[in-house]
Amino acid sequence: MAKDEWTEDPRRLLMAGPDFDLSSFDRSATPGWSRGKRAAKKAMRSRGKLLSELQERLYAQGRSGGNKRVLVVVQGIDTAGKGGIARHVMAMVDPQGVSLASFGPPTPEEARHHYLWRIRRALPKPGRIGLFDRSHYEDVLVVRVEDLVEEEVWRKRYAEINHFEKGLVDQDTVVIKLALMVSHEEQGMRLMERLDRPDKRWKFSSSDIPTRLKWDAYQEAYADVFRLTSTAHAPWYVLPADNKWYSRLAATEIITRELVEMRVQWPKPRWRPDVQRRRLAETMSPESLARSVAETEEVVLEAIEDSSEVGREAFTLLTEGLDAERRSAVHDALRVKRESFMADLERTIANKRELLAAVDPTLLPPEEHDAPSPDAGNQRAEEQPTEDRPRPDKERKARKPAKDKKAGKGKGKRARKGKKSKN
Ligand code: ATP
């Protein structure tokens, strides 16, 4: 799992601090990752599940009136791989919860407004992850290098951008800024490939070579961006991008870790499940209600297990570097949450049995007496060292037949057979 393979939190390794020096930055390095490309792809897939649940929770809280959101700013020169972040990283989450925006030369209407006007309009709504492919930083990059406005105008923008981003952070937006830094040599190779491959030629623009010729000026402009706008509230993460698999992996990890730290929970519904369940049951035939009763444990347990698996992964990330006491506090919180899910499942089953008993008690499946204990399996797994833990997929497959037998369709069939023999 990815959590075991990063030697260190990539945010610590890649954040542009006061001593950051772009001129000596190794763009082919893979800081924090020594296991190569194949393991990286596998790790990304495994993170996808966590990322996806975190995004869904964020979306759910947004739908329930929460204000939290995430803005991922992706910057980089041509061919650096900005599009790949949108395609490969954001593809792991539900597209409903993501808003993508890219920024080219301002349209005549945009040019009539302040440069932040179009940026404000594209900001993610509550519950969303917004991804900017290029951004307001173009207004201190291309604008500076191409002399599109006077120096005294673009000079003032660094402070203005910091102030703007602080405002976003103060209003519950987590701002994640990723700069993809490719080497001059690698950019040359990628541009040549675009020229060579008929299916990639559309990506080539006649301005690519003139822009490449201004390499040093762009590097200087980027260095100033990192020096002047990597703030405590919205730091820059500078990602070596000669290996696309590395920059995608690092982007995934940074975004996941930021989302974990937001600690977004599933919102509580404003309605009572038992009241709505009764209303729904009234619209169902006794047979389908009986089938639903028989399936409840399997369906809900599987969801709880998935969620606990994600919870364990988040736990590992959240408690990295914490002392034993704080680790144990987070662990307790996870256990309490799981207990509350299991108690909820028990209430659900009891409630549904009551509803079925009221319409046709002969359809009731036999009662479970060996209801799983609240932290069965998972607590044990949390306490085991990671390497000794059974792989979650295998664990679930191994348990599944037992669950099917205990709570699944088998039980429903037994109930129906019982009914026949009684009559
Ligand atoms: P990309 O090069 O990002 O893959 P693309 O080739 O499809 O995208 P567009 O998205 O249309 O091109 O535009 C990107 C270009 O727009 C870049 O050259 C960028 O420098 C330029 N650009 C972005 N913002 C501004 C701005 N505020 N002023 C001038 N030019 C800008």
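## Working through a predicted model

This is a predicted model, and its pLDDT averages 87 over the protein, with 86% of the residues scoring at least 70.

**Exercise 1.** Find where pLDDT stays under 50, and decide how to treat that part.

*Solution.* Start with the confidence values: they stay under 50 over residues 374-423. Next, check the contacts: the model has 47 of them beyond four places in sequence for this stretch. Finally, bear in mind that predicted coordinates should not be read in detail where pLDDT is low.

**Exercise 2.** Work out which residues of helix α4 are buried, and what they pack against.

*Solution.* First, scan residues 82-89: K82, I85, H88 and V89 turn out buried. They sit on the same side of α4, because they cover an arc of only 145° around the axis. That fits the usual helix geometry: with 3.6 residues a turn, residues three or four places apart point the same way. Now look across from the buried residues of α4, and you'll hit β1 (69-76), β3 (129-133), β4 (173-181) and α12 (244-262).

**Exercise 3.** Take apart the largest nonpolar core.

*Solution.* Count its members: 57 residues, with V72, L178, L180, V238 and L239 having the most contacts inside it. Then ask who contributes: α3 (36-63) gives the largest share, eight residues. Zoom in on L180, which touches V74, L239 and S247, among others. Apart from this core lies another, of eight residues, including A281 and L363.

**Exercise 4.** Describe the shell around the ligand.

*Solution.* Of the 14 residues there, F103, G104, P105, E138 and V142 come nearest. Sorted by class, the shell holds six nonpolar, three polar and five charged residues.

Note on methods:
Residues numbered from 1 in each chain as written. Predicted model: local features only at pLDDT ≥ 70, side-chain atom pairs only at ≥ 80, totals over all residues. Buried ≥ 20, exposed ≤ 12 C-beta atoms within 10 Å, placed from the backbone. Helix = DSSP H or I, 4+ residues; strand = E, 2+ residues; numbered from the N terminus. Arc of directions from axis to C-beta. Contact = placed C-beta atoms within 7 Å. pLDDT = per-residue confidence, 0-100. Near = placed C-beta within 6 Å. Nonpolar A, V, L, I, M, F, W, Y, C, P; charged D, E, K, R; others polar. Core = buried A, V, L, I, M, F, W, Y, C linked by C-beta atoms within 7 Å.
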